[in-house]
Amino acid sequence: MSAKKTSALLLVCMLGMSMMLAACSGSSGTDAAKPEGKDTAQADPSKPFVLGETPLTFSFYGNYDWYTMNPWGQDPATKWIQDNMKVNVQAIQSGGAALQKFNTMIASGQLPDVIWGDRGTDVEKLRKAGKLVALDPYLEKYPNLKKWAGEKTLNMLRSEDGKLYQFPNWYTKNPMGNGGYAINNKIYKELGSPKLETFDDLYAYLKLVKEKYPEVVPFEVGLQGQGIDFLYAGMAEDRNVGQVSLRVVPDGNELKSLFSDPVYRESMIFANTLFREKLITQDAITQTRDQVKEKVNNGRVAIYGDFDTTVLGTEANSMLRAKDPEGGYTMIWPLHKDGVDPKKVWVNEFDSLGWNVSAITTSAKNPEGIFAYLDWLTGEEGERVIFWGPEGMYWQGTNDKGAPVYTDKYKNEVEERSKLMAIWDTFQWAGNTAFIDGSKAENEMNLPEDKRDWATVSQTGIAWKTSFDATEFGNIQPLPDSDEGMILQRVSDIADKVRAKALFAKDEQEVISLLDKAEQDAQKAGYEKLLKFETAKWQENLKKIKGN
Amino acid sequence: MKKRTTSVSPPGADHKSFWFRFSRQLDLQLMVIPAMALILIFSYLPMYGVLMAFQDYDIFQGFLHSPWVGLKHFKMFFEAPEFWTVMRNTFVISALRLLIGFPAPILLALILNEISHLRFKRIIQTVSYLPHFLSWVIVSGFVASMLATDNGSINMLLQRLHLVNEPVNFLSIPEYFWAILIGTGVWKEIGFSAIVYLAAIAGINPEIYEAASIDGASRLKKIWYITLPGITGVITIFIILAVGDILSAGFEDILLLAKNPVLQDVSDVIDTYVYRVGIRNSLFSYAAAVGLFKSVISVVLLTAANMMARKLGRSLW
């Protein structure tokens, strides 16, 4: 091979390489810097967008690891929407790695038309960067969101600039929640059904269980020891579980430290006593959901309490009832310290803003159309179709309140229906709690008492009545990349650590000194500054709520 | 390396020009190109990203428009109250891995080599390397349920044998964590890591053993004077690499096994800290700064280890 030929070949290779490199660096350079082309909202002020007249297609991303949207148009409900409303949705899946996917989409400048996820950090980030479409111009033109969510909820959802960027999901005016204490009927009866109202009763009962049933977990506190926070809720009036996870204690107009709060201290001492005497699951902090489920389903717990009691309890209850009609679980009113008004013990919390939100990005070609669809979805017709399927399957006609009237197929095809309803649940982006729960209750009332759903009975009887309205505490936490956000991270670490350590402490004295140490560490990390920040946000919220 | 090049180029080619030598082995060089391109594109090009550590990176502004802040994020890390705990844990866990996790597969390979029953040897080998193919999610699930206080098989066994009266809460006692972590790691990787050593042992000339037998060397003597020296080359290379990796104390295994916050004081290492504080909160610059710090120390350690090895005549480069 001649030298000339060789060098030519080499040149080709090098050229090829450098072209590859150029292509790569080129794309990565522009990705980051590409300005987002602003699709101006074609808000024709005169005519609202009519679904079904003009076809509408948009892309949709659910920002959760666990979320996978089912294929659009492959089931009766979305097929119906496709045919009658001419709406098509292209799913962008998180693939089990929502955080990465979300950041990649931002960094590459390719945002989906709709992002569905938690309120707070992510939405605020997008808004600050000018990537979200304000929904205010559409509010008046489409009736449903305004009617069902109400002005107060919408105000709370508004961002700092006074505009609305988030379409809420499962917003509500009524209390909701799944948490609470459930007792194992069989054990309770065999032990002579003692009074179970105060923490003293609880302690005595757990002791008795431990003695008579050494194989049984006296008090199962669920995943991450959630049930332990119930003890805080019952230790004084108007304390609620959310304060533990926010790590703040409201006092007058101020938010104060959790670690130095006497009520929190008392509850941790009580938790320590129960844990030390092996009355609480010893795996409380480390166990998996499956481990909890195994114990509850087999009736190996005497009292079960966490934030998901009505969820895990329903399955466990029917499994145990199948073996023994006297068995199963019953939800009881939250336990409390002697002298505390049981009506002021809150083991659940809800806020009127509901669970999460949809935000329409500036990538959307037709933001008004998307809003029109979400608004239709959250209205009566949309909710009926997406929750129970198109008319003629599981329901036929409605009553005077708009509630669908169940068909026989609804009652008989339980398995198939549960499967379909789970599929439809992945399309429920604008859940209207008041309408759905109201309609369910209307239908449930018509059933005989023993046919009613365990979860519904527990919820309407107890869980919802012990749910604290925490709307005023919504979004009070700082963004993670701010100074306060760094402090929050430290304080959270300290709080998680001390909560676990307090359980393993050898006596009351050690619990106190652990909490003292936590308070010191937290103050060193800047807790005071964080509390000031959160207090200000909280007061702003209160103003927003009272302003209307 | 030297051996290979001389076998390709004719004797006496060494003094010829670079281009001449290059052209003589053009076919070989072409084969290297894809691998080089791969490394260049996926390992070198993204390296500009480490500059992020000196910026307040804003994902919307992108790399080109984020403000430069110098050493702010490094300072933040060094001044963080967690810094010393994280560093201590990283070094201790790595040192334990080096001390226990590293020799374990060598030992296994030596033992396996002495087994003359072929079927038995194969079964042991297969069984011992199978756990390597299980993901940490599954392994940690096993470990958690085996070590559980309530219905955990280890506790049940200990109680049946009357070794303990009350079940032990293994996964919540900080003193036990390092042992559990290292033990699980050894169990999972021992068989797979032993394969390399077994291969190296297989390369030793059997005649040397025969000669030793004639000289009356015992089994242990043969291991000590023939097998071990025969594989020191491989061992040195792996030790150098392991030293360079000393700041990678593990990530998935720790994240999954140390669920109890009580363990944070003994379990928090650089990688889990970066994940918890940096990535989960989208503090990319902070995460990049800590990551860069780790890489720099690793390179220093790797170079130092290699220099030591060079003195012994067995360096990596």
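Entry 1. Domain bounds here come from an automatic or database domain assignment. I note at the outset that the model is predicted. For chain A, I looked up the assignment and found domain 1 at 56–172 + 354–448, domain 2 at 180–351 + 452–473 and domain 3 at 483–546.

Entry 2. I then turned to domains 2 and 3 of chain A. Taken over C-alpha atoms, their centres are separated by 23 Å. I recorded 21 residues of domain 2 of chain A and 24 residues of domain 3 of chain A in the contact.

Entry 3. I asked which elements give two or more residues to the side of domain 2 that touches domain 3 in chain A. They are strand 8 (254–257) and helix 11 (262–276) of chain A. Helix 11 of chain A gives six residues, the largest share of that side. By class, I list eleven nonpolar, five polar and five charged residues on this side of domain 2 of chain A.

Entry 4. Next I examined the contact between chain A and chain B. Chain A contributes 34 residues to the contact and chain B contributes 31 residues. On the side of chain A that touches chain B, I find helix 1 (3–33), helix 3 (98–107) and helix 20 (483–504) of chain A, each supplying at least two residues.

Entry 5. Which element of chain A supplies the largest share of the side that touches chain B? I find that helix 1 of chain A does, with nine residues. I divided the residues of this side of chain A by class into 17 nonpolar, eleven polar and six charged.

Conventions:
Residues numbered from 1 in each chain as written. Chains lettered and ligands numbered in written order. Predicted model: local features only at pLDDT ≥ 70, side-chain atom pairs only at ≥ 80, totals over all residues. Contact = placed C-beta atoms within 7 Å. Helix = DSSP H or I, 4+ residues; strand = E, 2+ residues; numbered from the N terminus. Nonpolar A, V, L, I, M, F, W, Y, C, P; charged D, E, K, R; others polar.
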